[in-house]
Amino acid sequence: MEEIRTVVLERAAAVAAKDPHKMLAHNAPGIVEYTLAPPLRQPESTVASVSAWLATFEGPMSLEVTELAVTAGDDVAFCTSLNRLTATPKGRSESFSLWFRSTLGLRKVAGRWLVTHEHESVPFEMDGTFKASTDLRP
């Protein structure tokens, strides 16, 4: 399970380093990605698409992983966490922090844990406004 924790933390460190190659280094070919941005299912991330996303921010970024829970078998695992992305959008003077839920599915391929499924979400208000609840904190 420590190997899987390392994968998750290395992915977070890659965001802070703004390194698209390292951000994708633990992804399996054909990964299924349900990230925060539209559409409902994204095409598989590439160095070019991650670089384009990173270019929408200036200054330092961070991805804090909290409450990481890992469940693993011999060659299949999943983990859940509450994560906080902090960044400053281009053209803005102040950063934002957004807490979101993350679930990763992993498979052991050739002795290496790779992410095969990624799902991120924020809750939304069930009062009919359907407003994203971006102000929640753990």
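Alanine 110 is situated in the loop between β4 and β5 of this predicted model. The phi angle of alanine 110 is near 50°, a positive value in a residue other than glycine. With a relative accessibility of 85%, alanine 110 is classed as exposed, since the threshold for that class is over 50%. A positive phi also occurs at phenylalanine 130, where the angle is about 55° although the residue is not a glycine. Phenylalanine 130 belongs to the segment after β5, and its relative accessibility of 57% places it in the exposed class. A further backbone feature concerns the peptide bond from proline 38 to proline 39, which is cis, with omega near 5°. Proline 39 is part of the loop between β1 and α3.

The segment after β5 also contributes to a surface feature. Phe124, Met126 and Phe130 make up a nonpolar patch on the surface, and their accessible area together is about 390 Å². Phenylalanine 124 is located in the segment after β5. Its relative accessibility is 42%, and phenylalanine 124 is therefore counted as partly exposed. Alanine 132 is likewise found in the segment after β5. The relative accessibility of alanine 132 is 34%, so this residue counts as partly exposed. Between the C-alpha atoms of alanine 132 and phenylalanine 96 the separation is 15 Å, the two residues being 36 residues apart along the chain.

Three salt bridges are present in the structure. One of them joins the side chains of lysine 108 and glutamate 3, with an N to O distance of 3.9 Å. Because lysine 108 lies in strand β4 and glutamate 3 in helix α1, this pair ties together parts that are 105 residues apart in sequence. The assigned limit for such a contact is within 4 Å. Lysine 108 has a relative accessible area of 31% and is partly exposed. Glutamate 3, at 44% relative accessibility, also counts as partly exposed.

Helix α1 takes part in another salt bridge, that between arginine 11 and glutamate 118, whose closest N and O atoms are 3.0 Å apart. Arginine 11 is in helix α1 and glutamate 118 in strand β5, so the contact ties together parts that are 107 residues apart in sequence. Both arginine 11 and glutamate 118 are buried. The salt bridge of arginine 84 with glutamate 64 has its closest N and O atoms 2.7 Å apart. Here arginine 84 lies in strand β3 and glutamate 64 in strand β2, so the pair ties together parts that are 20 residues apart in sequence. Arginine 84 is partly exposed, its relative accessible area being 29%. Glutamate 64 is partly exposed as well, with a relative accessible area of 31%.

Glutamate 118, a partner in the salt bridge with arginine 11, is also associated with the largest pocket. This pocket encloses about 860 Å³ of space. Its lining comprises 32 residues, and Met23, Thr35, Trp53, Glu118 and Glu120 lie nearest the centre of the pocket. Two or more lining residues come from each of the helices α1 (2–16), α2 (20–24) and α3 (47–54), and from each of the strands β1 (27–34), β2 (57–72), β3 (76–89), β4 (96–109) and β5 (112–121). The greatest contribution to the lining is made by β4, which gives five residues. Divided by class, the lining has 19 nonpolar, eight polar and five charged residues.

Glutamate 120, which is among the residues nearest the centre of the largest pocket, is found in strand β5. At 16% relative accessibility glutamate 120 counts as buried, because this class covers values under 20%. The C-alpha atoms of glutamate 120 and serine 81 are separated by 9.7 Å, and the two residues are 39 residues apart along the chain.

Notes:
Residues numbered from 1 in each chain as written. Predicted model: local features only at pLDDT ≥ 70, side-chain atom pairs only at ≥ 80, totals over all residues. Heavy atoms only, no water. 1 Å grid on protein atoms, 1.4 Å probe; cavity = no way out; pocket = protein on both sides within 12 Å on 5 of 7 lines; lining within 4 Å. Points joined across faces, edges and corners; volume = space filled by probe spheres on them. Helix = DSSP H or I, 4+ residues; strand = E, 2+ residues; numbered from the N terminus. Nonpolar A, V, L, I, M, F, W, Y, C, P; charged D, E, K, R; others polar. Patch = residues over 30% accessible without salt bridge, like charges linked within 9 Å, V, L, I, M, F, W, Y side chains within 5 Å. Areas by Shrake-Rupley, 256 points an atom, 1.4 Å probe, with all protein chains shown as cover. Buried < 20%, exposed > 50% of the residue type's maximum accessible area, 1.4 Å probe, protein only.
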